[in-house]
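Please find below a colleague's note on aromatic side chains and their surroundings. The points are numbered for ease of reply.

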Amino acid sequence: MTLKKSTLLLLILSISAQFAFSQGYKVKTIVIDAGHGGGKPGAAGTYSKEKNVALQVALKLGKKFEDEMPELKILYTRKTDVDVDFYKRADIANDAKADIFISIHCNSMPDRRVVTGYTKTKSGKKVPKYGYVKNSITSGTETFVAGTHRLNEQDVAIRENADIKLEKNYKQNYDGYDPNDPETFIILSLFKNTFRDKSLKLASLIQDNYTNVNKRVNRGVKEQGILILQRVGMPAVLTEIGFISNPTEEDYLNSASGQEEIVTAIFNAVKTYKRQTEVN
Ligand SMILES: [Zn+2]
């Protein structure tokens, strides 16, 4: 094949892939992932643990979807205080061919190292003594999407989920299309970009709701190499709903009204996302 022909075919395949994906994209199945669990408590506040707060919010969020949008299928990576390996969490979402993956976590600042006093050595030299104090000041929400680096694991997940869709379309339209062809990688990267764009959109909507409606401190949308997000072949976010290390936020995170605000923020973000991304 000449370069010109292969470029043209690639262009056609690429456009078709994007078209096929955006045409097919409907939010039907949502996986809600409560961070940590069991022997992995996550961050700890003065009196509460991240794993418990995350689970409470995850269950309430799921219930709100079940009550108000019964047409959606809601799956949970855990519904009790158990530890689930991160690859198992991703498998649940990939096996279900979920359309959105939402992971719920609480943030924490590490203790700060401070000088607590001085001691004198035998030679009379003053040496500082160090101790740790809790960093209880930092507050706010932030939502992560998979970073653009280290996306190899997501390649696998996307391939496993998406190439079936791709193959159906391409076997019809392009007889003899080879999924191992280098061109497949270009198409996979298009899927990856589509997932990334959608993940960023959902993350932004969640942050907008936290900030504009709930009046929380906005730490923004961030891209980071988070394994769980890299393993799922669908738009995915990890939302940090507040700092459990901040006493005011710990109270908010544990209160019924605080949890209701957080749940409503995520719920409304998903509703808007669904409306804006679905193409008929
Ligand atoms: Zn966490």
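Is Phe86 buried, partly exposed or exposed?

1. The model under review is predicted. In it, Phe86 has a relative accessible area of 32% and is therefore partly exposed, since that class lies between the limits of 20% for buried and 50% for exposed. Phe86 belongs to helix 3, which covers residues 86–95.

2. Phe86 also contributes to a nonpolar surface patch together with Tyr87 and Leu227. The accessible area of these three residues together is about 250 Å².

3. Aromatic pairs number 3 in the model. One of them joins Tyr25 and Tyr273: the ring centres are 6.3 Å apart and the planes stand at 90°, so this pair is edge-to-face. The contact links distant parts of the chain, as the two residues are 248 residues apart. Tyr25 lies in the loop between helix 1 (3–24) and strand 1 (29–34), whereas Tyr273 is in helix 8 (residues 256–277). Tyr25 is buried at 4% relative accessibility, and Tyr273 is likewise buried, at 0%.

4. The rings of Phe86 and Tyr87 form an edge-to-face pair as well, because their planes meet at 75°, above the limit of 60 degrees. Their centres are 6.0 Å apart. Tyr87, with 41% relative accessibility, counts as partly exposed.

5. Two lysines should be noted for their positions over aromatic rings. Lys198 lies over the face of Tyr25, at 4.9 Å from the ring centre. The charged end of Lys64 is placed over the ring of Phe267, 5.1 Å from its centre.

Note on methods
Residues numbered from 1 in each chain as written. Predicted model: local features only at pLDDT ≥ 70, side-chain atom pairs only at ≥ 80, totals over all residues. Heavy atoms only, no water. Patch = residues over 30% accessible without salt bridge, like charges linked within 9 Å, V, L, I, M, F, W, Y side chains within 5 Å. Areas by Shrake-Rupley, 256 points an atom, 1.4 Å probe, with all protein chains shown as cover. Salt bridge = Lys/Arg side-chain N within 4 Å of Asp/Glu carboxyl O. Helix = DSSP H or I, 4+ residues; strand = E, 2+ residues; numbered from the N terminus. Buried < 20%, exposed > 50% of the residue type's maximum accessible area, 1.4 Å probe, protein only. Phe/Tyr/Trp six-rings, centres within 6.5 Å; stacked < 30°, edge-to-face > 60°. Lys NZ or Arg CZ within 6 Å of the ring centre and 35° of its normal.
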